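Here are some notes to read with the structure open beside you. Take them one point at a time and find each residue as you go.

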Amino acid sequence: MTRLTLVRGDITEQSVDAVVNAANSSLLGGGGVDGAIHRRGGPDILAACRDLRASHYGGGLPTGAAVATTAGRLPARWVIHTVGPVWSAHEDRSALLASCYVRSLAVADELGAATVAFPAISTGVYRWPMEDAARIAVEAVRGAETAVGEVRFVLFDDAAYRAFAARLN
Ligand code: ADP
């Protein structure tokens with residue numbers, strides 16, 4: 001049984017086995033969660049991402065996929081990078097957003113991570129409406145077959161926290 005918990009706060013401050021990064025396909029840094037993780041985690045994370053680009057992910061990490069690196073100086077063991085879809089009014093990309101959660105949990109299982117913190121993927125620069133993103137996130141995690149014991153959603157502001165709380169209860 002996976003426990004789903006909610007915290008309002010900063011994902012870079014979570015003491016968990018794995019922190020999930022709302023990365024972009026380049027893996028070479030961005031704003032929002034990605035910027036905060038690289039700032040707080042230090043240069044080892046970017047170095048590991050560059051290695052991934054030089055090996056398995058020469059074309060970048062595909063949308064909906066996930067891959068792990070060191071967590072550098074973060075109070076976590078690993079960062080799991082996943083690339084959310086950009087929200088579209090014309091095309092239903094929900095399956096790709098759900099895939100971010102499911103594939104990140106599969107990577108967590110491979111690592112043996114028992115606690116995993118997720119941000120609200122795609123709801124920042126990628127503009128996914130918060131209520132819908134919360135629904136997809138909670139359904140995806142509830143439907144995933146995983147040995148992870150705690151999935152912690154870390155929400156940056158009140159509106160995000162309320163959207164996720166409404167889905168959990
Ligand atoms: P995306 O590109 O997938 O939209 P962003 O990083 O721009 O990702 O934003 C995803 C969500 O994470 C947004 O709701 C944003 O407010 C939130 N966020 C930004 N910084 C942090 C942080 N340090 N910890 C937790 N959540 C954050």
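1. Start with Gly112, which comes right after helix H3 and has a positive phi, near 85 degrees. Keep in mind that this is a predicted model.

2. Now look at H3 itself. With 18 residues at 1.5 Å a residue, H3 should span 26 Å, and its end C-alpha atoms are 26 Å apart, so the two values agree.

3. Which residues of H3 are buried? They are Ser94, Leu97, Ser99, Cys100, Tyr101, Ser104, Leu105, Val107 and Ala108. These buried residues pack against plenty of partners: strands E2, E3 (66–70), E4, E5 and E6, plus helix H4.

4. On to the largest nonpolar core, which has 36 residues. The members touching the most others are Tyr101, Val116, Phe118, Phe153 and Phe164. Two or more residues each come from E2 (16–23), E4 (76–83), H3 (94–111), E5 (115–118), H4 (130–143), E6 (150–155) and H5 (158–168). H4 chips in the most, eight residues.

5. Try clicking on Val116. Skipping neighbours within four places in sequence, Val116 is in contact with Ala18, Val20, Ala108, Val148, Glu150, Val151 and Arg152. There's also another core, apart from the largest one, with 19 residues, including Val16, Leu27, Leu52 and Ala117.

6. Last, check how H4 and H5 meet. They pack at an angle of about 45 degrees with axes 9 Å apart, and are therefore oblique to each other. Their crossing is right-handed. On the H4 side, the residues making the contact include Met130, Ala134 and Val138, and on the H5 side they include Ala160, Phe164 and Leu168.

Methods: Residues numbered from 1 in each chain as written. Predicted model: local features only at pLDDT ≥ 70, side-chain atom pairs only at ≥ 80, totals over all residues. Heavy atoms only, no water. Core = buried A, V, L, I, M, F, W, Y, C linked by side-chain atoms within 4.5 Å. Buried < 20%, exposed > 50% of the residue type's maximum accessible area, 1.4 Å probe, protein only. Helix = DSSP H or I, 4+ residues; strand = E, 2+ residues; numbered from the N terminus. Contact = heavy atoms within 4.5 Å. Expected span 1.5 Å × (residues − 1). Axes fitted to C-alpha atoms, helices over the stretch in contact; angles between N-to-C directions. Parallel < 35°, antiparallel > 145°, perpendicular 65-115°, else oblique. Left-handed = near helix turned anticlockwise from the far one by under 90°.
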